[in-house]
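Got the viewer open? Let's walk through this one stop at a time, beginning with the ligand.

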Amino acid sequence: MNRKAVMLSGIKPTNFLTLGNSIGAIKSWLNLFETYDPIFMVVDLHSLTVPQDPEKLREATYRSLAVYVAAGLDPKRCLLFVQSQVPEHAQLSWIMNCMATMGELNRMTQFKDKSERAGSHIPAGLFTYPVLMAADILLYQANWVPVGADQKQHIELTRDLAIRMNNRFTPQEGPEAGATPKKPLFTIPEPYIPPVGARIMDLQEPTNKMGKSDSSENGAVYLFDSDKDIERKLKRAVTDSGTEIAFSDDKPGIQNLLTIQAALTGKKPQDLVAAYAGKQYGHLKVDTAEIVVQAIRPVRDEAERLLKDRGELDRILAEGARRASERAAPTLRRVYDALGFALPRA
Ligand code: TRP
């Protein structure tokens, strides 16, 4: 049997939905659909490591889901679900908590950074965050996990935990009971570094990434911006005092507009530059605004339509949760069995 490798990713519902992190990221995902068995989850449990307003969290979860579906993460072609609806994540997470050590978790740089900022009330969940992430990944026997640099250490930890458990525990029964040799408990996942990954920067401060919490109102294009907002933001994009349209690091504002165009049209930045010979910054801004409006409008409009019909979104969620659980449950059962929990034989 020629099974496709599992590519799994999770994103917090509370992340800002911007041109940079949504449209760009989803487009690169869509290219992987044929080659991999794609799993995509909205990790609402993870978002609790900072205080959340319950109504806003629920809203953000539906919004993220609507955007992903609208942008092309077709629930028929990928496994799409919300983490809290699949109980196996919390269940395996406890086991992983007992396998990871305090020392290991203490070395996580993200924990160090975030706990410093959390002051004197550091939620224990901030400390055990990577353990839940490991459970997310290992439950589905994922082969590849696309991650940014900030998450690489968490993947390393996931690998260490998986290897440790594979060495310590032998699966008892399993879907393939009787087959020799026995399949280990977990597949060891690899970080997947996306090939091109356009870095879309803040329109007002083009040396910072778009959509960071400190970006100014005009610095980021959000997926729920109106056409008028998008046009205004792009026309006000910071450039420089020169006149020549070039793709170069000393022109970060111009470079960013060209990068946005390239990401959305699939054209090469050099070809775009050639076509702008003799033209002015204003032309580049107007064209980029038009391209961004054309890219966002259908996604935004479809997401808004979906949000009006919670019934449809709930059906997508229920079906996703059912399928996810169906895939996660056998892993959890094998782990329980290998660890020595009493399991009634079917
Ligand atoms: N920790 C990831 C982030 O902050 C989100 C995440 C949670 C994740 N579980 C995951 C990413 C599993 C990949 C796989 O971006």
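Select the ligand first, then show its neighbours: Leu8, Gly10, Lys12, Val43, His46, Tyr129, Met133, Asp136, Ile137, Val145 and Gln151. A residue makes that list if one of its heavy atoms lies within 4 Å of the ligand.

Before you click further, note that this is a predicted model, where local features need pLDDT of at least 70 and side-chain atom pairs count only at pLDDT 80 or more, while totals for chains, interfaces and linings use all residues. Residues are numbered from 1 along each chain as its sequence is written, and side-chain values use heavy atoms, with hydrogens and water left out.

Now colour the shell by type: six residues are nonpolar, three polar and two charged. Here Ala, Val, Leu, Ile, Met, Phe, Trp, Tyr, Cys and Pro count as nonpolar, Asp, Glu, Lys and Arg as charged, and the others, Gly among them, as polar. Strand S1 (6–11) and helix H7 (124–138) each bring at least two shell residues, and H7 gives the most, with four. (Helices, H or I with at least four residues, and strands, E with at least two, are DSSP runs numbered from the N terminus.)

Next, look for polar contacts, meaning pairs of N or O atoms within 3.5 Å; within protein, one must be able to donate a hydrogen and the other to accept it, and residues adjacent in sequence count only if both atoms are side-chain atoms. A ligand nitrogen sits 2.7 Å from a side-chain N or O atom of Asp136. For Tyr129 the matching distance is 2.8 Å, and for Gln151 it is 3.0 Å. Overall, the protein covers 90% of the 370 Å² of accessible area that the ligand has on its own (Shrake-Rupley method, 1.4 Å probe; for residues, only the protein chains shown count as cover).

Move on to helix H3, residues 54–71. At its N-terminal end, Asp53 acts as the cap, with a side-chain oxygen 3.2 Å from the backbone nitrogen of Glu55. Past the other end, Gly72 takes a positive phi of about 120 degrees. Buried residues of H3 include Leu57, Tyr62, Leu65 and Tyr68; buried means under 20% relative accessible area, exposed over 50%, and partly exposed in between (1.4 Å probe, protein chains only).

Now pick two cysteines. Is Cys78 buried or exposed? Cys78 is buried, at 1% relative accessible area, whereas Cys98 is partly exposed at 47%.

Last stop: Asp229, in helix H9 (residues 227–235). Asp229 is partly exposed, at 26%. Select Ala289 too: 60 residues apart along the chain, the two C-alpha atoms are separated by 9.9 Å.

Note on methods. The expected span of a helix is 1.5 Å times one less than its number of residues.
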